[in-house]
Amino acid sequence: MTLNFSRRKFVLSSSATFAGSLLLKACSSNQSTTPTVSSGGEGFKIAIALPGTITDKAWNQSGYEGVNLAKQKLGAEVAYLEQVAQADQTEALTGFARKGYNVVFAHGGQFDAAIEQVAAQFPNTFFVGVNGNNKGANIASLRIDHLQGSYLCGIIGAAITKSNKLAYIAGQEFPATQEELRGFQLGAKSVKPNIQITSTFIGDWNDVAKAKEATLALISSGNDVIYQWLDSASPAVLQAASDKGVYAFGNTKDQSDFAPKAVLTSAVKRLDIAIAYLAELAKQKKLQGQIYSIGLERKDILYLGKFGVAVPETVKQNALKVNQEIVDKKIIFENCQEAGKDTRCVKKA
């Protein structure tokens, strides 16, 4: 069943033929309802609230694919809300909890405050903040180790740059993006200690115009390698880099096809597999109120994507070598998450 609101979509997959109607409070009086029918659950219910669209070929699509993978693996009933504005987060999470969803994923660190506000009111629902920083009786956070992935990209970027200037661009500044920026800094400085890294946060994950404008400004300042973490706006950054003859990194999905000449590689984060994994723990009643951090040791979840033609074989092999050293704990990161700390947080065994 699909319900369309003014800026949001709610989709529910159930095991039975749709016979009634689902009422969900909307922020607008303009709403239309389109029933659909699909296979699904046996009593276990999973939902996800997404800040963007499920077709962004990036962060939100990965979250959507995660609950659908859980549906396939667990026979769960699943639902999602897309394009949930920050002002509507509490309402979205509350709506799912009131309807008896066993586990609700909030797909982004920007949901942390809403999770804290809602979770105590619904002790029978487990809330999981993807990229979150919360934990509690019925609160967990799922964190991909962004620092590890971006560290490898920093090594590659430092080897490719001619200007000695790299840039990082993301939608918002919160712990996960700070962690990723820090990894990029550390990786780059491990190759060239005096390299310059500029960061900018455009305040929106999906605004194509803002993303392009910010990218062109970074390029005009001499940055010739750009690491981006955006959603629907990702292609704008990659294409602008390609148009100007500089390089960039994909994120979350393997985004090499967006701009083959510009994309050096992508920090691939299989959030779908990670979300399905936590959903399985929840169904088994093994999900704990803790922060689940998944790094390069899970080669099916975090890894470098396809390498671009601009990456020399020696640079590629060095990045893969460092990747294995991190997995083998020959390189260890201690208290490195905060941007601005020096390189002494990187320990080599």
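The following dialogue examines a predicted model of one protein chain.

Student: What is the mean pLDDT of the protein chain?

Tutor: Confidence varies along this predicted chain, and over residues 1-10 the pLDDT is below 50. It also stays under 50 over residues 12-41, a stretch with 68 contacts beyond four places in sequence. Of the residues in the chain, 86% reach 70 or more, and the mean pLDDT is 88.

Student: Which helix gives the most residues to the largest nonpolar core?

Tutor: The largest nonpolar core holds 92 residues, and Ile46, Phe105 and Ile156 touch the most other members. With nine residues, the greatest contribution to this core comes from helix 8 (residues 271-283).

Student: Which residues does Ile156 touch, not counting those up to four places away in sequence?

Tutor: Ile156 is one of the residues that touch the most other members of the largest nonpolar core. Beyond its sequence neighbours up to four places away, its contacts are Phe249, Leu264, Thr265, Leu304, Phe307, Val311, Val315 and Ala319.

Student: How many residues does the other core have?

Tutor: This other core lies apart from the largest one. Among its members are Phe96, Ala106, Phe111 and Ile115. Phe96 is also one of the buried residues of helix 2. The size of this other core is 20 residues.

Student: Is His107 buried or exposed?

Tutor: His107 is found in strand 6 (residues 103-107). Residues under 20% relative accessible area count as buried. Because its relative accessibility is 0%, His107 is buried.

Student: Which backbone oxygen does the side chain of His107 reach?

Tutor: The residues that His107 touches include Ile48, Pro51, Trp59, Asn60, Val130 and Ile275. At 2.8 Å, the side chain of His107 reaches the backbone oxygen of Trp59.

Student: How many residues of helix 2 are buried?

Tutor: Helix 2 (residues 89-98) is mostly covered. Its buried residues are Gln89, Ala92, Leu93, Thr94, Gly95, Phe96 and Ala97. Gly100, with a positive phi near 80°, follows this helix. Of the ten residues in helix 2, the number buried is seven.

Student: At what angle do helix 4 and helix 5 pack?

Tutor: Helix 4 (residues 146-160) and helix 5 (residues 175-191) have their axes 6 Å apart, and their crossing is right-handed. The contact involves residues including His146, Tyr151 and Ile155 of helix 4, and Glu179, Arg182 and Phe184 of helix 5. The two helices pack at an angle of about 35°.

Methods
Residues numbered from 1 in each chain as written. Heavy atoms only, no water. Core = buried A, V, L, I, M, F, W, Y, C linked by side-chain atoms within 4.5 Å. Buried < 20%, exposed > 50% of the residue type's maximum accessible area, 1.4 Å probe, protein only. Helix = DSSP H or I, 4+ residues; strand = E, 2+ residues; numbered from the N terminus. Contact = heavy atoms within 4.5 Å. Polar contact = N/O pair within 3.5 Å; in protein donor to acceptor, adjacent residues only side chain to side chain. pLDDT = per-residue confidence, 0-100. Axes fitted to C-alpha atoms, helices over the stretch in contact; angles between N-to-C directions. Left-handed = near helix turned anticlockwise from the far one by under 90°.
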